[in-house]
Amino acid sequence: MKLDQLSADAGRAENGKKWIPYRSSKNKNLICFIHGFSGDPRKTFEPMPQLIEQDVQLSGWDILSLGYSTALLPDIGKGIWSADPDISEIAHYLNTNLDLLSQHYHRVALVGHSMGGLVIQRAILDRKDVANISHVLFYGTPSGGLKKAGAFSWFKKQINNMDNDGEFITTLRREWNQKFPTSYPFQFATIAGETDEFVPPESSLNPFPASFRRVTAGNHVTMTKPENDQATSFRILKNMLSDDPDHLIGAYSELANLIAAYHSDLHSLGKRLSELDKNGLRQYIFALEGTGRLNEAIHTLENTPVLQTNTDLMGLLGGRYKRKYLMERTQSELDKAIHWYDKALTLSQEKDNSAQVYYHAINLAFLYLMQDDTDRTQNKAMAELALAHCDKVQDGQYWEIATRAEAQLYLGGIDKSIKHYQTAIDLCKNNIRETSSMYINARHACNALHRPEWESRIEELFQ
């Protein structure tokens, strides 16, 4: 395998499907496998790529296996054997391809076996920007080096790099710990094989905090060859890559691409946060929430200078506290959500802004139901207020129709509600974030109203 080429042949699964469809694929997520010393871009990981291709929950991810020159032949004898590149050169090769791939992919998961994990670490340290690296997994990687490598350091540059007392490993560990002392900007796991006699746990696991360590069945070779989709080595990978945010519904491939878009937004918008207008800030907040950084989204909004005068941003902050309340069910989060929606409603009424009034009123109707499902005076009053201002607006937009649908739930009109929800879904063309927001409110509302038969109809409609 030449250093400057991707392995097209080794990048094919047995069923003939390419592992590297990035030029034409609609997917924005990529799993990139990097094999180890004397490994092979196809054989090292088989059948893991095939298991990924067959798993519907990972359907939004494309697969690439990156090959490079490595062999047991010694690096001597010019004209007889050509010297294999050292790990730093291979890392540069990986970064070159990551730069090319980033033109299409918003998220890249790097999966390295043995020396491949050292390549990944060196590549990450050499990169100026790791924003699109979303997941990093090492299988049997000698991150602390190998004692046995020193005796053969003359034989291969790649073996020399793995010497536990050598310059490469000591520099790698120092720079990695300086850059990532306790946490990582990507999801991370380092995995040891329980019978791996080549790379001991003190080298594969101990260089990293305990919370990131995993152990799977198998030796140094078989740990990357799961027998089926229930094997621990595959399930570790799948659990890390599976996108199942509790505030979004949709096909797995669509969810994966939406999360990828959020990662892209974080990178592009976060660099110029102070320059963003209201719409840009909203997009950035959704990206933070969509990538699991809800507390950071709340903090960003609370420190926005125009928050105290902008009712739309108040509602956005109230919505983030509402989402946090639904996750944690704490009274303080419910109180904060009500506070911001109530403040926004008052200002919207003063400005006679009906579109803002129905937006805040319907959210307050929901929150008052969560606060007390027995005395529903405030819940019904807010639902009626929201309907009244929908009638004033009548713009036919999906949020107006969805507001009518939710208000009818609180006022007992389930058939009208279903009809309005269907129209709203059609109007927003099944946009994941919008339909998810409608569905979550409706499902929680039906549950609080103790109407399981309504909840069943809602679930059937949305799913």
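A contact here means heavy atoms within 4.5 Å. The legends below describe a predicted model.

**Figure 1. Overview of the protein chain in the predicted model.** The chain is built from 18 helices and six strands. Of its 463 residues, 55% count as buried. Among contacts with a separation of 6 or more, 69% join residues that are 24 or more positions apart.

**Figure 2. Tyr-410 in the largest nonpolar core.** Tyr-410 is one of the residues that touch the most other members of this core of 75 residues. Met-382, Leu-409, Tyr-421, Ile-458 and Phe-462 belong to that group as well. Helix α13, residues 354-371, gives the core its largest share, 11 residues. Leaving out residues up to four places away in sequence, Tyr-410 touches Ile-362, Ala-365, Phe-366, Leu-369, Arg-376, Asn-379, Lys-380, Ala-383, Ala-445 and Leu-449. Another core, of 42 residues, lies apart from the largest one, with Leu-94, Leu-98, Ala-123 and Leu-146 among its members.

**Figure 3. The largest pocket and its lining.** The space in this pocket comes to about 810 Å³. It is lined by 35 residues, and those closest to its centre are His-263, Leu-266, Thr-291, Gly-292 and Arg-293. At least two lining residues come from each of β4 (133-139), α7 (232-241), α8 (252-270), α9 (278-290), α10 (294-302) and α11 (311-328). By class, the lining of the largest pocket holds 13 nonpolar, 12 polar and 10 charged residues.

**Figure 4. The second largest pocket and its lining.** The second largest pocket contains about 680 Å³ of space. Arg-282, Tyr-359, Asn-363, Trp-399 and Ser-437 are the closest to its centre among the 33 residues that line it. Each of α9, α11, α13, α15 (398-410) and α17 (432-448) supplies at least two residues of this lining. The largest share, seven residues, comes from α11. The lining of the second largest pocket divides into 14 nonpolar, nine polar and 10 charged residues.

**Figure 5. Helix α9 and its buried residues.** Helix α9 has 13 residues. From its first C-alpha to its last it reaches 18 Å, close to the 18 Å expected at 1.5 Å a residue. Buried residues in α9 are Gly-280, Leu-281, Tyr-284, Ile-285, Phe-286, Ala-287, Leu-288, Glu-289 and Gly-290. They pack against α8, α10, α11 and α17. Helix α9 also supplies at least two residues to the lining of the largest pocket and at least two to that of the second largest pocket.

**Figure 6. His-360, a buried residue of helix α13.** His-360 lies in helix α13. Its relative accessibility is 0%, so His-360 counts as buried, the cut-off being under 20%. Apart from residues up to four places away in sequence, His-360 touches Thr-311, Gly-315, Tyr-341, Ala-344, Leu-345 and Ser-348. Lys-343 is 17 residues from His-360 along the chain, and the C-alpha atoms of the two are separated by 9.1 Å.

**Figure 7. Pro-47 and the cis peptide bond that precedes it.** The bond from Glu-46 to Pro-47 is cis, with omega near 10°. Pro-47 is placed in the loop between β1 (29-34) and α1 (48-54).

**Figure 8. Pro-85 in the loop between β2 and α2.** This loop runs between β2 (61-66) and α2 (87-101). Pro-85 has a relative accessible area of 6% and is therefore buried. The C-alpha atoms of Pro-85 and Tyr-68 are separated by 8.5 Å, although the two residues are 17 apart along the chain.

**Figure 9. Gln-394 and His-450, loop residues with positive phi.** Phi of Gln-394 is near 45°, a positive value in a residue other than glycine. The loop that holds Gln-394 lies between α14 (377-393) and α15. His-450, not a glycine either, has a positive phi of about 60°. Its place is in the loop between α17 and α18 (452-462). Exposed residues are those over 50% relative accessible area; Gln-394, at 56%, therefore counts as exposed. His-450, at 56% relative accessibility, counts as exposed as well.

Methods
Residues numbered from 1 in each chain as written. Predicted model: local features only at pLDDT ≥ 70, side-chain atom pairs only at ≥ 80, totals over all residues. Heavy atoms only, no water. Core = buried A, V, L, I, M, F, W, Y, C linked by side-chain atoms within 4.5 Å. Buried < 20%, exposed > 50% of the residue type's maximum accessible area, 1.4 Å probe, protein only. Helix = DSSP H or I, 4+ residues; strand = E, 2+ residues; numbered from the N terminus. 1 Å grid on protein atoms, 1.4 Å probe; cavity = no way out; pocket = protein on both sides within 12 Å on 5 of 7 lines; lining within 4 Å. Points joined across faces, edges and corners; volume = space filled by probe spheres on them. Nonpolar A, V, L, I, M, F, W, Y, C, P; charged D, E, K, R; others polar. Expected span 1.5 Å × (residues − 1).
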